[in-house]
Structure formats: structure tokens, C-alpha cells
Amino acid sequence: MNRRDFFNLGAALLLGAQLKLPEHSRPQKQRNMTEPIIGHGDFRYKINLDWGKQDPAKYPVKDCHELVMDRVGRIYMTTNDTHNNILVFNKDGLILNAWGTEYPGAHGLTLADENGEEFLYITDYDRHEVIKTTLTGRVIRVFSFPADSGKYKDAAEFKPTETAIAPNGDVFIADGYGLDYVIQYDANGHLKNIFGGKGTEPGSLNNAHGIAIDHRNSAEPVLLVTSRAANALNRYTMDGRFLDAIQLPGAYICRPVVKGDHVFFAVLISHEPWDSQTGYILILDKDNKVVSCPGGSLPHYAAGSTQPDPMYQTVKVFKHPHDVLADNDGNLYVSQWNANQVYPARLERI
Amino acid sequence: MLKILRTKRLYQNVGLVFCLCLLSCASARAQEFQLSEPQWQHYSPFFTDAARAELKFEMPGASIFYTLDGTEPTDKSALYVKPIQVQKSAVLKVIAVHPDFRASNVVSFPLIRIEKQKQAKNVKLLQPSSPKYPGHGAATLTDLQKGSPGLQDLSWLGFEGTDAQILLELPRKTKSKKLTISCLSSTGSWIFPPKGVVLEGSQNGVDFSPLSKWSPQNATEKPADGPLFIELPITPKKLRWIKVTVQNYGQLPAWHPGAGKAAWLFIDEIFID
């Protein structure tokens, strides 16, 4: 059969199907052929769970924690498998590089452009350290627990989960599995400030899991810190003064990912227990209102309410999403914690 | 001859293309993802006059179907359009359905009618609960409030590694047939079903004799997560006092991440009928 025959056949089949089955009488089976789409409004996606799939014998993973993209489009991921703590993917999900055997608690991953050179900041909750490396894994600096702050008895209390790097080189560390402080260092590693801390009063944090600098209003950047177990996003000035908390009931948000006018979050779970497999993705607009929850419920604000109705998972696409990366085409890459060693997925924006 | 051959190959290819089309469109794609379970907006399984169950599943194109007769709901069952009211005890079973996704698992929630005049007048904790989950004391067990899955409301009594021992004073002149303990299994949160339950009865509040016992059927298996209603028969009619001993699971089993540490026992209600 030549190419033209093939096309004619395809057309005949399609035409036949349509003639036999007009819209109103299509049986259930035919309707099942619609590709599932998740998300709401402008943020709707096709699901590609196999995007980052690898041979586990070659590139093993345990939890897939976080993802960042460098300026040439390579995607870096942390996993706590010490065979290869960092996996580097191209946009098609193929492995370009794999390195790192000394990060048993490889968790947070932040990419910083410092005077034209890109660096990675890896938080290791197991080593109780934050490690700055080159893109190929050469160690530049190690931040241990902030002994000078007087808040910590010893290194064991410090279990950092995330970093954010300011344009002036200041390093903010969120101690999300430790005492929930945000610790600020200058570029040379000298302690400048410590704030937050575990608690329920305004400005305190409960599982300070993620941190990012919100530069959407470039005149006045603010720090965003997730208070994951409190289902809230706390906002602080760059010198650590608490501004307010954005309540996101039903969303155990892992870290804020600012891209364009929006902030993206992997939501680990909708409700406890922590292994409830009820995660989804959440997107805030420029006014910090929820506009889409891929895999989750339709966002809704009651009249006059500044916080959304409780949100929850509606489709079992993800078990425990732990981080999300947004590329320049609007696609999302999702890594998962405690999800049977699954490799990262891609959500393709439609 | 050449023409016939060509036609034959063409038909084979038609078959192949058709099969591929079916495979890729129907099974591999659309059936891949399952819906999550519908949510409970306002729900308490215990009621005295009428129960009202309000459900939600906010997903465009999705519907909720339900049954009240114990059968498994399908997309042919009753369509949920407004909160459900029942006067008699029943089990409400629901699913979420959407044309592009596999139907959700069935969620069952018992709606249990409790007759007020049969309930204990006084409740006393003979063993204290953990200060971490104090509820509002012994009264927690007869307030008709189901504890939330998040455990953070004050409707649960939690016991860390210890047994719960509860003394109930029954009202006069009521005939009771059984006692039900509402507890929780949530192994990921270290909450395990009881190892056993012992009921003892008394007519004077001093001398107690055994009434009945309960123990799990598959004590060695990993317990299923979810609410648990343990029913025990009560036989003598003129009973005035019941002592309930709910035994803690004890040490977390070997397969559990917290193996060897103390399990939690969670109870939110005890009722009699």
C-alpha cells in the first residue's frame, strides 16, 4: 500500500465512523476516545506520564524531589538515590548527564545565575547541609547549620529543604524539615538574618518547605515561603518582615515556582495522612488567586472571600507531586515523592 | 493477479490500522486515569432524627451517582443533585463518573441512627487519653460527632501505646442489644485498629463480670485504612454499668516505617442500641 492509499483509507474509516455514529447517538465507547485533559481556564494540559521514563537499572531513583532548568534548556532533578543524585534531562526526557553520589538527602534544587555563570544549590536534609555546585557537580561552598544564630542546639536540628538566591548573592535557606526558620546568608556565607520558625502565630511557619523570590513586582520583590502543613503561602519583605499569608485550604504546597505572571506549585497531598496519594498541581495568577488546579478541583471563591474553597484531588494522575517546573512553552514538568520510583512527567499545555 | 494480491494486502492493512486505532485511542489513552473519590461537604454518620449528607466533586463534566440500599453504585444509579436526607440507618455508597476518565472507587459511608434514650448517662475515662489528642474529655465519646480525617478537631480521643478503659452508666429501663465503638485505622499516621475489646457488665457499679469480647479476624495482616465500627453484643437486660476496655495494637509491626514504636488508638464515639 502506498502513502496515498493509506490516507484514503484513513479518511474512509473516519468518514464511515462519522456516518454511522452521529454525535447524539454515539455510544459510551466512542466518547471514551477523547484524550483526558486536566486543569482549568488558560492552564489546561495533556498528560505525558512517560516523559522522563528511564531504565531503573541504569538511572535509579527513589523520591524525585525537585527540578530546575538551565539557560540552554537542560533540566536538572534531585533524587535521594545516591547512585545518581542529579539527573540531567533534555526537553525530550532523554538523560544527558547523571552525577552525585554523596547526597543521601538530596532535596531542594535551585539554579542561580551569578555574574553570568550558573550554579546549583542542593539542600540535603540528611547531611544537614546546603551544597553549592557547578552544573556538573564540582562543589563550590557548603553551608552547615547556623550555629551563630543561637536557635539551634546542633546540626541534627537543621534539615534544609529549599533555597532562594537574591540578585545580590544573598542565600535564603528554608529549614522545612527542621525548625522551620528561614536563614539568610550573604554571598560569602556570613549569617545576616533568621526569621519565621515553627509555630501557628502570624509569620511563623509549619513545614517551611519551599522558598522563592517573587520578582513579579520588580520594584518591590518579596519572599514567598510555603507553610506546607498549614496550607498557606507566607509573604515576607526581603529583610524578613512578615507581610501576610495566602490561605490555600486543601493544598499542601511544596515550593513556589515563579514564572512570568504566575506562581506554580506541586501540591503534595489534599489532606493527611502524608501518604494519602491525593496530590495535584496549583497555579496562582498575578493577584495570587488560584486560576487552575490540574488534577484537582475547579477553583472557586465564595462571594467576598479572599481564600478559595477547600481544594482536593479529582483525578489520580499524580500520587505525591513534589515539584513543578514551567518551561517557556508553558509545559510543566512534575517530579514526585513516594510514588513507586516514578520518573518525572510532563504536562503539555493546550 | 497482481491486482488481487494488492487488494488482499490492502485489507490486511485496513485491519491493522483499525486495530492500532482502537488500541491507541480507546484503551491506552482514555482509560488510563481514574477519578478520585467524591468529597463530603457536611457529614456525620451519627444522627438522632434525620441524616443529611452533602457531597461535592467540583470537576466540569463529572457527576456523582449513589445508592442507599447497599448495592454498588454505577452510572445507572441515582444521580446526586442535592443533599441526601435519610431517617433510617443506611449505608450511602457513591462514585464519581466522567466520560474521559475511569469511574472513581466506591466510597461507603454508614449513616447510623442513634436513639438518644438508650445512650449512656455518664461516661468516665478510667485511663487518660494522650494530652496530644484530648478531645473534650470523656464526653467526646457520646457527642454524636465523627472525628475528622485530619484528626485536628477535638472529636477524637487518641491513646499512644496505651489501652482505653471507659465506664458507661446506662439509663434505667432500657433494653440494649449491642454496643458499637467507632474508631479509626490509618496506618500511615501510626493509627491502628484495636488488638481486642472486652466488655464487662455490672448492676451495682462495683462487681463486674464479662459480657463479650471482640478481636480482629486477620490480626496478622496489614489493617485496611478507614473508619471502623466494632460491634459487641450485650445480653443481660438489667445492666446499669458497662466497662469497655479497648486494647491498643501495641508495637508497630515489622513492615511499618515506625516498627517497634507505640501504635496509636483513636476512638471518637461509643453508642448503644
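How many bridges join strand β1 (residues 37-40) of chain A to strand β2 (residues 43-48) of chain A? The exercises below start from this pairing.

This is a predicted model, in which local features need pLDDT of at least 70, side-chain atom pairs count only at pLDDT 80 or more, and totals for chains, interfaces and linings use all residues. Residues are numbered from 1 along each chain as its sequence is written, while chains are lettered from A and ligands numbered from 1 in the order in which they are written.

**Exercise 1. Describe the pairing of β1(A) with β2(A) and the turn that links them.**

Step 1: Strands and helices are DSSP runs numbered from the N terminus, with at least two residues (E) for a strand and at least four (H or I) for a helix, and two strands pair if DSSP finds at least two bridges between them.
Step 2: The two strands run antiparallel and are joined by 4 bridges, with His40(A) standing opposite Phe43(A) of β2(A).
Step 3: The hairpin has 2 residues between its strands, and Gly41(A) takes a positive phi near 60 degrees there.

**Exercise 2. Work out the strand order of the open sheet that contains β13(A) and β14(A), and find its edges.**

Step 1: The sheet is made of 4 strands of chain A in the order β11-β12-β13-β14, and the pairing is antiparallel.
Step 2: Because β11 (162-165) and β14 (191-196) of chain A each have a single partner strand, they stand at the edges, and one side of each is left without a neighbour in the sheet.
Step 3: From one strand to the next, the twist averages 20 degrees, where axes are lines fitted to C-alpha atoms (for helices over the stretch in contact) and angles run from 0 to 180 degrees between N-to-C directions.
Step 4: β13 (residues 181-185) of chain A pairs with β14(A) in the antiparallel sense over 5 bridges, and Phe195(A) in β14(A) is the bridge partner of Val182(A).

**Exercise 3. Locate the backbone exceptions in the loops of chain A, and state how buried or exposed His128(A) and Asn288(A) are.**

Step 1: Most residues other than glycine have a negative phi, and most peptide bonds are trans.
Step 2: His128(A), in the loop between β8 (117-124) and β9 (129-134) of chain A, has a positive phi of about 60 degrees although it is not a glycine.
Step 3: A residue is buried if 20 or more other C-beta atoms, placed from the backbone, lie within 10 Å of its own, exposed if 12 or fewer do, and partly exposed in between; His128(A), with 22 within 10 Å, is therefore buried.
Step 4: Asn288(A), in the loop between β21 and β22 (290-292) of chain A, also has a positive phi, near 60 degrees, but with 17 other C-beta atoms within 10 Å it is partly exposed.
Step 5: A cis peptide bond, with omega about 10 degrees, joins Glu272(A) to Pro273(A), and Pro273(A) belongs to the loop between β20 (262-267) and β21 (280-284) of chain A.

**Exercise 4. Decide which part of chain B should not be read in detail.**

Step 1: pLDDT is the predictor's confidence in each residue, from 0 to 100; its mean over chain B is 85, and 88% of the residues of chain B reach 70 or more.
Step 2: Over residues 1-31 of chain B, pLDDT stays under 50.
Step 3: Where pLDDT is low, the predicted coordinates should not be read in detail.
Step 4: For the complex, the predictor gives an ipTM of 0.87 and a pTM of 0.80.

Methods: Two residues are in contact if their C-beta atoms, placed from the backbone, lie within 7 Å.
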